[in-house]
Amino acid sequence: MQDQNKTKRQLINELVKLQQRIAELEISENERKRAEEALRESESRLRIILESVQTGIVMIDYETHQILDANPIAVKMIGDPKEQIIGSVCHKYICPAEKGQCPITDLGQSVDHSERLLLTAGGEKCPIVKTVVPVIIEGQKRLVESYMDITELKRMEEALRQKTEDLIRSNQELEQFVYVASHDLQEPIRMVTSFVQLLERRYKDKLDQDANEFIGFAVDGAMRMHTLINDFLTYSRVATRGKALKPTDCQAVLEQSLGHLKVVLKESGAEVTHDPLPTVMADSSQLEQLFQNLIGNAVKFHGQRSPKVHISASLDGNRWIFSVRDNGIGIAPEFKDSVFIIFRRLHGNDKYPGTGMGLGVCKKVVERHGGRIWVESEPGKGATFYFTLPKEGEHQT
C-alpha cells in the first residue's frame, strides 16, 4: 500500500512538472511570436524609412562588394533597374572606381565619409557625398553606403565662387580708380590752391569787404579740397600700396608715431603712456599710421581736460588685442559703428576740423591685417578703441 502511494505521488509530481514545462513552452512560444511580430514591425518601419528618405542607400556584401539591396532613391539616382543593380559590384557606379581592397577593412574603424562622383546609367557624373558604415546583420558583415546628391550645392558653391571673384575684382578696380583719381587730382587742386592763396595775398584789403570774404571762402574751400584729396589717397593706398606683413616691434612703431605727433602733443599738453607692447605680424608703416590716427583723434577730441592716452595689449589665443584709452569727450553708443565710415562726422568742421577719413583708414588697416576694430565709450567719459592683430608667427597675406 505504501509503495502504491509513493508511486502515485511520483506520478503526480511528474504530472505537475510536465504541466509546468508545457506552460513554460507556451510562454516561450508566445514570447517568440511577440518577438517575431516586433521584428516584422521594426523591419516594416525601417523599410518605410529607407524608401521615404531623400538619400540613396545600398546594402553591400563586405567580402564580395556586391550590392544586396537598394532603396528607391538609390535606384533613381543610378538609373538602372533594381534587378540589374542587385548583384553588381559597388565600384561600378562610383568614380573613381574603388577596385581591390574595400576602404574599410575593420568593423571597428570610423565611418568613411568622402566626396565622389556617381556614374549614372545615362553616362552622367553626379556629385555626391558617400558615407560608408560597416555593420553586422544576422552574423554577416555588411556595408551600408549612402549617397547624398550635392549637385545643387556644387552649383551654389560655383555661383558663390564666381560672385566672390567678381566682387574681389570689382573692389580692386575701384581701389585702383580711387588711387589714380586722387593721385591725378592732386596737381590741379595744388594749382588752384596756390593761385587762390596768391590772389588772397595780393588783393586782400585792396577790394571791398565782399571781395575779401569771397576770396576767404575760395581759399578755405581749396585747402579743404586739397586735404580731402590727400586723405583719399591715403585711404586708397592701404590696399594698393601695402607692404608684406612681417614681425614688427609695436613699441618701436609707437615711438615713431609719437615723434610725428610731437608738436601736437606739446601744444595740447597731452600725456601718452603705454604698457610693454609685443611684436606682431604687420606692415610697419600702416601700423604707424594706425597708432598716429588713434592717438591724434584722442588729442583732438579731448574737451576741457588735458588729454591723457594709454596704450596696452593683451594676448588672446593667436591674436593680440590692443586698446587705446583716452579721457576725451566720448562717443554716444548709437554712433559707435558709424564713426568708422569714411566722411561720417559727428561734429561740425568749425569745432573739430577734419575730413572724417581717419577712423575709416584705421578700420581698413586693421582689416587688411586680418583683425577688427571697435570702440567702447560714453559721452563725457572718454573712449577706448580696441583692435586685434595676429601675433608673431601667424603669417598673413
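This section describes the nonpolar cores, a five-stranded sheet, the surroundings of one buried residue and several salt bridges. The model is predicted; local features require pLDDT of at least 70 and side-chain atom pairs count only at pLDDT 80 or more, whereas totals for chains, interfaces and linings use all residues. Residues are numbered from 1 along each chain as its sequence is written, and side-chain values use heavy atoms, with hydrogens and water left out.

The largest nonpolar core contains 36 residues, of which Leu287, Phe322 and Phe387 touch the most other members. A nonpolar core is here a set of buried Ala, Val, Leu, Ile, Met, Phe, Trp, Tyr and Cys residues joined through side-chain atoms within 4.5 Å; buried denotes under 20% relative accessible area, exposed over 50%, and partly exposed the range in between (1.4 Å probe, protein chains only). At least two residues of this core come from each of α6 (250-260), β9 (279-282), α8 (284-300), β10 (308-316), β11 (319-326), α9 (358-368), β12 (373-377) and β13 (383-390). Helices (H or I, at least four residues) and strands (E, at least two) are DSSP runs numbered from the N terminus. The most is given by α8, with seven residues. Leu287 is in contact (heavy atoms within 4.5 Å) with Thr248, Cys250, Val253, Val280, Ala282 and Leu389, residues up to four places away in sequence not being counted. Another core, of 20 residues, lies apart from it and includes Val58, Ile60, Val75 and Met77.

Five strands form an open sheet of mixed pairing, in the order β8-β10-β11-β13-β12; two strands pair if DSSP finds at least two bridges between them. The edge strands, β8 (271-274) and β12, each pair on one side only. Neighbouring strands of the sheet are turned by 20° against each other on average, direction ignored. The antiparallel strands β11 and β13 are joined by seven bridges, and Arg325 has Thr384 in β13 as its bridge partner. Helix α6 lies across β8, β10 and β11 and runs at about 175° to β8. Axes are lines fitted to C-alpha atoms, for helices over the stretch in contact, and angles run from 0 to 180 degrees between N-to-C directions.

Ile128 is located in strand β5 (residues 125-137) and is buried, its relative accessible area being 0%. Beyond residues up to four places away in sequence, the contacts of Ile128 include Met77, Ile94, Leu118, Tyr147 and Ile150. The C-alpha atoms of Ile128 and Leu118 are 6.5 Å apart, although the two residues are ten apart in sequence.

Twelve salt bridges are present in the structure, each defined by a side-chain nitrogen of Lys or Arg within 4 Å of a carboxyl oxygen of Asp or Glu. One of them joins Lys130 and Glu145 (3.8 Å, N to O). This pair links distant parts of the chain, with Lys130 in β5 and Glu145 in β6 (residues 140-149), 15 residues apart; both residues are buried.

In helix α4 (residues 151-203), Lys154 and Glu157 lie three residues apart, about one turn of the helix, and their side chains form a salt bridge (3.8 Å, N to O). Lys154 is partly exposed at 31% relative accessible area, as is Glu157 at 40%. A salt bridge also connects Glu367 and Lys363, with the closest N and O atoms 2.6 Å apart. These two residues are separated by about one helical turn because they are four residues apart in α9. Glu367 counts as partly exposed because its relative accessibility is 45%; Lys363 is partly exposed at 31%. Elsewhere, Glu115, Lys154 and Glu157 are joined into one network by salt bridges that share partners.
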